[in-house]
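Trainee: I'd like a close look at one buried spot and what surrounds it. Please start from a single side chain and work outwards, in plain words.

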Amino acid sequence: MTDNKDDSSFERRTKRVFDDSVAALDAATRSKLTQARYRALEEQASARDRGLMSSLMPAGAVAATALVALLVVWQGPQRPPRVPDSEPLSDLEILLGEEDLQMLDEEIEFYGWLEEQPEFASVDSVG
Amino acid sequence: MGLALSIAQREASLGTEGALIGALIEAFLRDVEARAYRIAVVQVRDRHEALDIVQDAMIRLVQRYANRPSEEWPPLFYRILQNRIRDVQRRRAVRSRFMSFFGGTASEEEHDPLAEAPGPRGDNPLEQVTADDAMRALERALDGLPARQREAFMLRNFEGLDVAATATAMGCTEGSVKTHYSRAVHRLREVLAEHGEEQRDD
């Protein structure tokens with residue numbers, strides 16, 4: 001019991017000695033400690049800014065996606081029908097057009113008439 | 001810490017969450033910095049290194065644990081501080097071995113704690129010299145303790161952490177803290193009594 005009492009009395013004294021030594025810190029050291037604290041708090045401020053940016057990023061991404069989706073939906077019905085104007089497509093249209101078939105019929109008659117002409121028949125027999 | 005913290009809490013209650021944390025952590029650091037510095041000086045015996053250690057501990061606390069509840073800051077801060085102190089001591093031990101291997105002496109690089117002791121302050125120089133003497137005697141006695149006993153004593157007695165917070169700061173069990181602390185108190189009493197330096201209680 002007495003030992004415990006002595007211990008706590010000793011602990012109070014050592015605590016007081018330590019507190020006095022802290023209170024006795026010179027101004028230069030206190031100033032350096034203040035600077036160190038400010039440096040640490042600057043870190044906190046920049047970390048907070050980084051945190052704010054990263055917390056705003058998902059919201060920004062959602063907003064951008066919504067905007068793109070809105071533009072797509074809005075532009076969709078108003079888009080004019082695309083007119084095919086490339087050359088391969090034009091050729092295909094000519095080949096498949098009705099007038100081509102008529103021209104083919106005329107040419108068959110022409111080739112039939114041509115075969116009946118004598119000067120062309122002699123040319124064929126020579127070869 | 002109490003008054004500064006409650007003022008900061010009141011001031012910051014009008015601001016955003018980030019500003020609140022900033023105000024609280026500033027109050028905490030302002031409250032703890034001088035004691036942390038003295039604790040570091042006692043252990044590393046070098047004012048410049050002690051300042052670096054305290055600054056690192058502040059920065060790491062802010063970077064990693066600013067968003068934790070403020071009640072957790074004291075043990076976390078002192079854990080970081082003690083880890084940094086141990087790093088410095090380990091580096092110094094390696095340097096000492098290196099120097100002795102090449103024939104030099106490590107003490108060439110060490111600083112004189114008496115020369116680095118704080119200068120007189122206050123209105124009564126005689127009283128101040130006595131206070132400085134008492135602290136030097138205490139530091140010498142602390143020097144003779146095993147590292148873990150010294151840590152437990154400084155965190156419990158100087159900083160006023162409770163057993164649980166000291167255990168968190170030291171990274172050990174509460175039982176170990178009690179053992180280290182009790183042994184430290186008894187050893188310090190013996191050493192200071194031997195040298196007739198145990199101070200009178202008012």
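Mentor: Let's settle one word before we start: two residues are in contact when heavy atoms of theirs lie within 4.5 Å. Keep in mind that this is a predicted model.

Our starting point is Thr14(A), which sits in helix H1 (residues 2-23) of chain A. Is it buried or exposed? Its relative accessible area is 1%, so Thr14(A) counts as buried. What covers it comes partly from the other chain: setting aside neighbours within four places in sequence, Thr14(A) touches Leu138(B), Phe153(B), Asn157(B) and Phe158(B). Closer to home, a polar atom of the Thr14(A) side chain is 2.9 Å from the backbone oxygen of Glu11(A).

Now step across into chain B. It has nine helices and zero strands, and 47% of its 202 residues count as buried. Helix H7 (residues 147-158) has the highest confidence in chain B, with a mean pLDDT of 96. H7 is also one of the helices that the buried residues of H8(B) pack against, along with helix H4 (73-101) and helix H9 (174-194) of chain B. Because six of the eight residues of H8(B) (residues 163-170) are buried, that helix is largely enclosed by the rest of the structure. Among those six are Val163(B), Thr166(B) and Met170(B). Look at both ends of H8(B), too. At its start, a side-chain oxygen of Asp162(B) comes within 3.3 Å of the backbone nitrogen of Ala164(B). After the helix comes Gly171(B), with a positive phi near 70 degrees.

Next, the charged residues. Side chains of opposite charge can pair when their charged atoms come close. One salt bridge brings the side chains of Arg37(A) and Glu26(B) together at 3.6 Å, N to O. That pair crosses between chains, running from helix H2 of chain A to helix H2 (residues 17-44) of chain B. Its two ends are covered to unlike degrees: Arg37(A) is buried at 5% relative accessible area, while Glu26(B) is partly exposed at 22%.

Within chain B, Glu139(B) and Arg45(B) form a salt bridge at 3.0 Å, N to O. Glu139(B) belongs to helix H6 (residues 125-143) and Arg45(B) to the loop between H2 and helix H3 (47-65), so the pair ties together parts 94 residues apart in sequence. Both Glu139(B) and Arg45(B) are buried.

Another salt bridge joins Arg84(B) and Asp56(B) at 2.8 Å, N to O. Here, too, distant parts of the chain are linked, with Arg84(B) in H4 and Asp56(B) in H3, 28 residues apart. Arg84(B) is buried at 10% relative accessible area, and Asp56(B) is partly exposed at 24%. There's also a network in chain B: salt bridges with shared partners join Arg38(B), Arg45(B), Glu139(B) and Asp143(B).

One caution before you zoom in elsewhere. In chain B, pLDDT stays under 50 over residues 112-123, and helix H5 (residues 113-116) has the lowest confidence, with a mean of 46. Where pLDDT is low, predicted coordinates should not be read in detail.

Key: Residues are numbered from 1 along each chain as its sequence is written. Chains are lettered from A and ligands numbered from 1 in the order in which they are written. This is a predicted model: local features need pLDDT of at least 70, side-chain atom pairs count only at pLDDT 80 or more; totals for chains, interfaces and linings use all residues. Side-chain values use heavy atoms; hydrogens and water are left out. pLDDT is the predictor's confidence in each residue, from 0 to 100. Helices (H or I, at least four residues) and strands (E, at least two) are DSSP runs, numbered from the N terminus. Buried means under 20% relative accessible area, exposed over 50%, partly exposed in between (1.4 Å probe, protein chains only). A polar contact is a pair of N or O atoms within 3.5 Å; within protein, one must be able to donate a hydrogen and the other to accept it, and residues adjacent in sequence count only if both atoms are side-chain atoms. A salt bridge is a side-chain nitrogen of Lys or Arg within 4 Å of a carboxyl oxygen of Asp or Glu.
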